[in-house]
Amino acid sequence: MTNQKRFNVAVVGATGAVGEQIIKLLEERQFPFQQLKLLSSARSAGKKISVCGVEYTVEEARPESFEGIDIALFSAGGDVSKALVPAAIERGAVCIDNTSAFRMDPTAPLVVPEVNADKIKEHQGVIANPNCSTIQMVAALKPLYDRYGIDRIIVSTYQAVSGAGTRAIDEMLHQTKEVLEGNTVKPDVLPVSSLPVKHQIAFNAIPQIDKFQENGFTYEEMKMINETKKIMDDESIKVTTTCVRIPVVYGHSESVYVELKNDYDLAEVRELLAAAPGITVVDRPEEQAYPLATDAAGKHDVFVGRLRRDLDHPRGLNMWIVSDNLLKGAAWNAVQIAETFASERPE
């Protein structure tokens, strides 16, 4: 990215999995930062990180850390965002928040740049990054929504353990080794580390991501439902979800059934998706070519395939959507927002 104006940038949660990816992307994309401040919890403060050949020392995130900061990218958990985003805004920073803290705040735009980049300019100090599983789905559905309209979405997700953090990755790898060696395992992290009951993830599928709500859906499922309506700016879309954790390290996969409002041509659907920004179509079933988590890992795009008409509903469409949950599902989407904001900021 090139832009004459340069910005003072802070990354909050710099030593976490998403924070590390954000820093890598800022470097790769040559984001126009004048100063860079890397912030974390007190536990991680003091760590050294090299960016563009310069060694930075990670500092503890405090309200005063945001003095002189233009753009702050937050990825350190909802509680940290709730505590520090107001302090950053008060000091003049625009915050791009990767947690759920502000997603449903009516004053905070919830942005996927391929879908609703125009909402960025409506910010009042904070721009929210949607949930990883929501991002890839709406990015793939937006071209279809614009052309045909959408009446109903039914989605089942198959989500990587990296979405639950590095401890979940370690647990899956350890459990896999133990099971293969014929040993018993004692789960400690998944499905939710703060809940008393834990389940084995190795060689398993856990139909719970986050805590259950009174309506029987999990918080993760309700995020997808509510965020989809907000991003599409259409409360009439009917959405139902089932979110499942599977033993994959990187890359969320989704089986999406969508009922369009108008009839469609399947060849046109493929053309619309292939022409859409950030979408790669892999849909050659005769060659067994379709999106795989192993292929999507490390890539920025959302991959779409298994496109086929429903056998019973005349406007029903089935599709398979895969994306790297730490990149497009988190860090890359946040950096895209920052780039769009920076490019539109007056000199």
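A residue is counted as exposed when its relative accessible area is over 50% and as buried when that area is under 20%. By this criterion Asp263, with a relative accessible area of 53%, is exposed, because its value lies over the 50% cut-off. The structure described here is a predicted model, and the account begins with the surroundings of this residue before turning to the sheet, the helices and the loops.

Asp263 is located in the loop that runs between strand E11 and helix H7 (266–275). When residues up to four places away in sequence are not counted, Asp263 touches Tyr148, Arg309, Pro314 and Arg315. With one of these residues, Arg309, a polar contact is made from side chain to side chain, at 3.4 Å. The chain also brings Asp263 to 9.7 Å from Gly149, C-alpha to C-alpha, although the two are 114 residues apart in sequence.

Strand E11, which precedes this loop, belongs to an open sheet of six strands with mixed pairing, arranged in the order E10-E9-E11-E14-E13-E12. Strand E10 (238–245) and strand E12 (279–281) form the edges, each of them pairing on one side only. Disregarding direction, neighbouring strands of this sheet are turned against each other by 20° on average. Helix H4 (residues 132–148) packs on the sheet, where it touches strand E9 (150–159), E11, E12, strand E13 (302–309) and E14, and the direction of H4 makes about 25° with that of E11. Strands of a sheet pair through backbone hydrogen bonds, in either the parallel or the antiparallel sense. Between strand E11 (residues 252–260) and strand E14 (residues 316–323) the pairing is antiparallel and extends over eight bridges, with His252 standing opposite Ser323 of E14.

A further set of pairings is centred on strand E6 (71–74). Strand E1 (residues 7–12) pairs with E6 in the parallel sense over four bridges, and within this pairing Ala72 of E6 is the bridge partner of Ala10. The pairing of E6 with E7 is likewise parallel and also comprises four bridges, and here Phe74 stands opposite Asp97 in E7. The side chains of E6 are divided between two directions, with Ile71 and Leu73 pointing one way and Ala72 and Phe74 the other way, and all of these residues are buried.

Strand E6 is also among the elements against which the buried residues of helix H2 pack, together with strand E7 (94–97) and strand E8 (126–128). The buried residues of this helix are Ser81, Leu84, Val85, Ala87 and Ala88. In an α-helix there are 3.6 residues a turn, so residues three or four places apart point the same way. Helix H2 (residues 78–90) has 13 residues and should, at 1.5 Å a residue, span 18 Å, a value with which the computed separation of 18 Å between its end C-alpha atoms agrees. A kink of about 35° nevertheless lies at Leu84, shortly before the proline Pro86. After H2 comes Gly92, with a positive phi near 100°.

Several backbone features are found in the loops. In the loop between helix H5 (166–180) and helix H6 (219–232), where Pro191 has its place, a cis peptide bond joins Leu190 to Pro191, with omega about 10°. Phe203, in the loop between H5 and H6, has a positive phi near 55° while being a residue other than glycine. Phe203 is exposed, because its relative accessible area of 56% is over 50%. Gln288, in the loop between E12 and helix H8 (293–296), is not a glycine either, yet its phi is positive at about 60°. Gln288 counts as exposed as well, at 62% relative accessibility.

The opposite condition is met at Asn333, which is placed in helix H9 (residues 327–344). With a relative accessibility of 0%, Asn333 counts as buried, since this value falls under the 20% cut-off. Leaving aside neighbours within four places in sequence, Asn333 is in contact with Val111, Val112, Pro113, Glu114, Asn129, Pro130, Ile135, Leu327 and Lys328.

Definitions and conventions. Residues numbered from 1 in each chain as written. Predicted model: local features only at pLDDT ≥ 70, side-chain atom pairs only at ≥ 80, totals over all residues. Heavy atoms only, no water. Pairing = 2+ DSSP bridges. Axes fitted to C-alpha atoms, helices over the stretch in contact; angles between N-to-C directions. Contact = heavy atoms within 4.5 Å. Expected span 1.5 Å × (residues − 1). Bend = angle between axes of the 7 residues up to and from the residue. Buried < 20%, exposed > 50% of the residue type's maximum accessible area, 1.4 Å probe, protein only. Polar contact = N/O pair within 3.5 Å; in protein donor to acceptor, adjacent residues only side chain to side chain.
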